Amino acid sequence: MAQAVMALFDDEADTAVRTLWSRLDDAGLPAARRFPPHVTFAMATDIPAKTRTALRADLRLLFIPSLWLHSLSTFATTEHTLMLGAVTDGELLAVHSAVHDVLAGKVRNPNSYYLPGSWIPHCTLVEGVTEAEMVTAFGVAFPAPPIEAKVHRMVIADTTTGELETLVTR
């Protein structure tokens, strides 16, 4: 069980990512897509209600920049994830840091992949595939056009129930 702070995209970017997902589906590649296209900013076992309220208040005051999904890539691990990497700029890192400033010391078991200094902002296309499937997936998704993903909503996603709780809408 985990809860994640996610940025969901505007309709145009959502459609662009779903088009890539469809190409991968048509190639018979398995995908675990429980949530709409997104970039995860933080993850923990539990994000308590009081912390969600504080996060909601902070996010209302922040300018959340567009995410430029510009790099088709993989993680250098055995997790076999194909992703669209986001361009990391000062504005994006500032929002990420602000999210973690609110969460610091107030969540249970924060996931280290999403902490400042470790975070690689990305939108997952395929995960949990074999090496051969990864090679196929890359070939199917390439070339992936750059996508300007305007953040439409920031949510808390529950990975067990699939529920999304809106923090802010833009």
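Let me start with Phe-138, which in this predicted model has a relative accessibility of 32% and therefore counts as partly exposed, since that category covers the range between the buried limit of under 20% and the exposed limit of over 50%. Its partner is Phe-142, and together Phe-138 and Phe-142 form a stacked aromatic pair, with 6.0 Å from centre to centre and 15° between the planes. Phe-142, for its part, has a relative accessible area of 52%, and because the limit for exposed is over 50%, Phe-142 counts as exposed.

How many aromatic pairs does the structure hold? There are two aromatic pairs, and the one I have not yet described is formed by Phe-41 and Trp-119, whose rings are tilted, with 5.1 Å from centre to centre and an angle of 40° between the planes. If you look for these two residues along the chain, you will find Phe-41 in strand β2 and Trp-119 in the loop between α3 (90–103) and β5 (122–127), so this pair ties together parts that are 78 residues apart in sequence. Both Phe-41 and Trp-119 are buried.

Let us stay with strand β2, which covers residues 38–44 and also contains His-38. Is His-38 buried or exposed? His-38 has a relative accessibility of 18%, and because buried means under 20%, His-38 counts as buried. Its side chain reaches the backbone oxygen of Pro-36 at 2.7 Å, and the side chain of His-38 also makes a polar contact with the side chain of Thr-40, at 3.4 Å. If we then set aside the residues up to four places away in sequence, His-38 touches Met-6, Ala-7, Leu-8, Phe-9, His-122 and Cys-123.

Finally, I would like to turn to two helices, namely α1, which spans residues 11–26, and α4, which spans residues 131–141. Their axes come within 9 Å of each other and cross at roughly 130°, and that angle makes α1 oblique to α4. The crossing in which α1 passes α4 is right-handed. Which residues make the contact between them? On the α1 side they are Leu-20, Arg-23 and Leu-24, while on the α4 side they are Ala-137, Val-140 and Ala-141.

To go back over the main points with the structure in view, please find the stacked pair of Phe-138 and Phe-142, then the tilted pair of Phe-41 and Trp-119, then the buried His-38, and lastly the right-handed crossing of α1 and α4.

Note on methods. Residues are numbered from 1 along each chain as its sequence is written. This is a predicted model: local features need pLDDT of at least 70, side-chain atom pairs count only at pLDDT 80 or more; totals for chains, interfaces and linings use all residues. Side-chain values use heavy atoms; hydrogens and water are left out. Helices (H or I, at least four residues) and strands (E, at least two) are DSSP runs, numbered from the N terminus. Buried means under 20% relative accessible area, exposed over 50%, partly exposed in between (1.4 Å probe, protein chains only). A polar contact is a pair of N or O atoms within 3.5 Å; within protein, one must be able to donate a hydrogen and the other to accept it, and residues adjacent in sequence count only if both atoms are side-chain atoms. Contact means heavy atoms within 4.5 Å. Rings of Phe, Tyr and Trp (its six-membered ring) pair if their centres lie within 6.5 Å; planes under 30 degrees apart count as stacked, over 60 as edge-to-face and the rest as tilted. Axes are lines fitted to C-alpha atoms, for helices over the stretch in contact, and angles run from 0 to 180 degrees between N-to-C directions. Angles under 35 degrees count as roughly parallel, over 145 as roughly antiparallel, 65 to 115 as roughly perpendicular and the rest as oblique. A crossing is left-handed if the near helix is turned anticlockwise from the far one by less than a right angle, and right-handed if clockwise.
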